[in-house]
Amino acid sequence: MAEGEPLGEVVLDPDQPDATTLPLIDRIFVGRECAGVDDSRRILLADDPEISRNHLEIRVDPESSRAVVVDTSSNGTRINGLRIERSVDVPLNGGDRIQVGSHVLEFKSAVVVTRAAAAHAKPGATISVDTPTSMAMVMGDLINFSTVSETADQQVIGRDVDRLYKELRELLTEHRGILVDYVGDAFFASWEIEADPEAVDNALAFVLAASKRVSECTKDFELRYADGSPLRMGWGVTLGPVVMRLMPGAVVMVLGDAVNLGFRIGSIAGREHRASILVTEAVKDASTRPFRFADSEKVTVKGRATEETIYGVYDA
């Protein structure tokens with residue numbers, strides 16, 4: 001690329017109507033002041049007291065095909081919902097979203113930047129692996145999908161499932177959630193309590209909207225159950241402490257009893273006349289919006305010595 005040509009761009013609050021874009025020549029500084037930095041290389045966010053005077057720096061090196069963000073703040077920075085360590089080069093990839101106080105920055109790269117760049121980072125550089133954080137989590141599971149996929153055309157599976165999960169990803173962004181991973185045919189999303197005080201309510205609002213969207217999407221799918229009915233998803237919602245670890249290849253592993261429980265109750269949701277969305281008692285007690293919960297049910301969950309109290313949840 002020619003000298004001085006932008007290597008990418010940074011979009012401030014990309015989901016807002018007044019989103020603004022700044023070309024990234026080599027580096028951009030973000031903060032309330034960023035004193036001494038030319039306006040073409042800084043994003044000033046003076047409206048948020050949670051943002052430090054010099055909060056972070058984004059750099060791109062075309063020769064090594066690396067893009068990194070360095071947190072220099074006192075209040076912390078998150079990439080795709082995960083807190084990063086201070087004063088450490090953390091790899092960035094096109095489409096990554098950086099949370100800075102109440103603002104979001106989306107990095108878009110014009111150079112080849114791949115996940116392999118994560119190998120240059122220190123182990124655990126993106127998160128403090130030993131510090132538990134509390135999260136609301138949603139696990140969605142396509143019901144009896146193994147039976148469907150056993151005989152279905154693989155191209156049809158790929159097309160229909162891709163369309164479905166694209167719709168769910170868009171909903172997730174609207175409800176301030178983070179996609180953690182796809183686990184087989186399951187959809188795993190999270191909301192960090194520290195970053196979002198309304199995490200539980202946002203998770204519940206998302207899963208209700210997602211359940212409705214699944215019904216709307218799958219009714220037109222070629223992929224169906226043997227009796228001709230459209231695909232359905234069961235959902236589990238949990239709340240609790242987890243530990244996150246960055247694995248090789250920039251894969252984030254989330255560990256905790258609440259994770260295991262979420263997948264367990266998600267696997268029974270929508271089965272045996274149960275509601276398609278099941279939540280734990282902790283989620284029900286933490287919600288503040290007028291959601292409608294069914295009567296409690298005690299179930300034996302695989303891998304747990306005691307019964308778990310769960311509730312179906314519906315629109316108010």
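Mentor: Two strands count as paired if DSSP finds at least two bridges between them. With that in mind, please begin with the sheets of this predicted model.

Trainee: Which residue in E9 stands opposite Val68?

Mentor: Strand E6 covers residues 66-71 and runs antiparallel to E9, with two bridges joining the strands. That count satisfies the requirement of at least two bridges. The residue in E9 that faces Val68 is Pro91.

Trainee: Which strands stand at the edges of the open sheet that contains E6 and E9?

Mentor: This sheet has five strands with mixed pairing, in the order E4-E3-E5-E6-E9. A strand with a single partner has one side left without a neighbour in the sheet, so the two ends of the order are its edges. The edge strands are E4 and E9 (90-91).

Trainee: In the open sheet of six strands, which are the edge strands?

Mentor: The pairing in this sheet is antiparallel, and the strand order is E2-E1-E11-E10-E7-E8. An edge strand here pairs on one side only. The strands concerned are E2 (20-24) and E8 (82-83).

Trainee: What is the bridge partner of Ile79 in E8?

Mentor: Strand E7 comprises residues 78-79 and pairs with E8 in the antiparallel sense. Two bridges connect E7 and E8. For Ile79, the partner in E8 is Leu82.

Trainee: Gly8 and Gly94 are 86 residues apart in sequence; what is their C-alpha to C-alpha distance in space?

Mentor: Gly8 belongs to strand E1, residues 8-12. Gly8 counts as buried because its relative accessibility is 9%, and the cut-off for burial is under 20%. The C-alpha atoms of Gly8 and Gly94 are separated in space by 8.9 Å.

Trainee: Let us turn to the aromatic residues. Which term describes the aromatic pair of Phe187 and Phe206: stacked, tilted or edge-to-face?

Mentor: The count of aromatic pairs comes to five. For Phe187 and Phe206, the ring centres are 6.3 Å apart and the planes form an angle of 25 degrees. Planes under 30 degrees apart fall into one class by definition, so the pair is stacked.

Trainee: How many residues apart in sequence are the parts that this pair ties together?

Mentor: Phe187 is buried, and Phe206 likewise. Phe187 lies in strand E14 (residues 186-192), whereas Phe206 lies in helix H3 (residues 199-218). The pair therefore ties together parts whose separation in sequence is 19 residues.

Trainee: Which residue of strand E14 forms a tilted aromatic pair with Phe206?

Mentor: The rings of this pair are 5.6 Å centre to centre, with 50 degrees between the planes. The pair links distant parts of the chain, strand E14 and helix H3, 15 residues apart. Phe206 is buried at a relative accessible area of 0%, and its partner is buried at 1%. That partner is Trp191.

Trainee: Which residues form one aromatic cluster?

Mentor: Phe187 and Phe206 form a stacked pair, and Trp191 and Phe206 form a tilted pair. The cluster includes these residues together with Tyr165 and Trp235. In full, its members are Tyr165, Phe187, Trp191, Phe206 and Trp235.

Trainee: Over which rings does the charged end of Lys284 sit?

Mentor: The charged end of Lys284 is 5.8 Å from the centre of the ring of Phe293. For Tyr311, the distance to the ring centre is 5.2 Å. The rings are therefore, with a cut-off of within 6 Å, those of Phe293 and Tyr311.

Trainee: His273 has a positive phi; what is its relative accessible area?

Mentor: Most residues other than glycine have a negative phi. His273, although not a glycine, has a phi of about 70 degrees and lies in the loop between helix H4 (257-266) and E17. His273 is exposed, with a relative accessible area of 87%.

Trainee: Cys34 also has a positive phi; is Cys34 buried or exposed?

Mentor: Cys34 has a phi of about 50 degrees and is located in the loop between strand E3 (27-31) and strand E4 (42-44). Its relative accessible area is 1%. Because the cut-off for burial is under 20%, Cys34 is buried.

Trainee: Which strand has the lowest confidence in the protein chain?

Mentor: The mean pLDDT of the chain is 85, with 87% of residues at 70 or more. Over residues 112-129, pLDDT stays under 50. Where pLDDT is low, the predicted coordinates should not be read in detail. Confidence is highest in strand E17 (residues 277-280), at a mean of 98, and lowest, at 70, in strand E16 (residues 251-255).

Technical notes:
Residues numbered from 1 in each chain as written. Predicted model: local features only at pLDDT ≥ 70, side-chain atom pairs only at ≥ 80, totals over all residues. Heavy atoms only, no water. Buried < 20%, exposed > 50% of the residue type's maximum accessible area, 1.4 Å probe, protein only. Helix = DSSP H or I, 4+ residues; strand = E, 2+ residues; numbered from the N terminus. pLDDT = per-residue confidence, 0-100. Contact = heavy atoms within 4.5 Å. Phe/Tyr/Trp six-rings, centres within 6.5 Å; stacked < 30°, edge-to-face > 60°. Lys NZ or Arg CZ within 6 Å of the ring centre and 35° of its normal.
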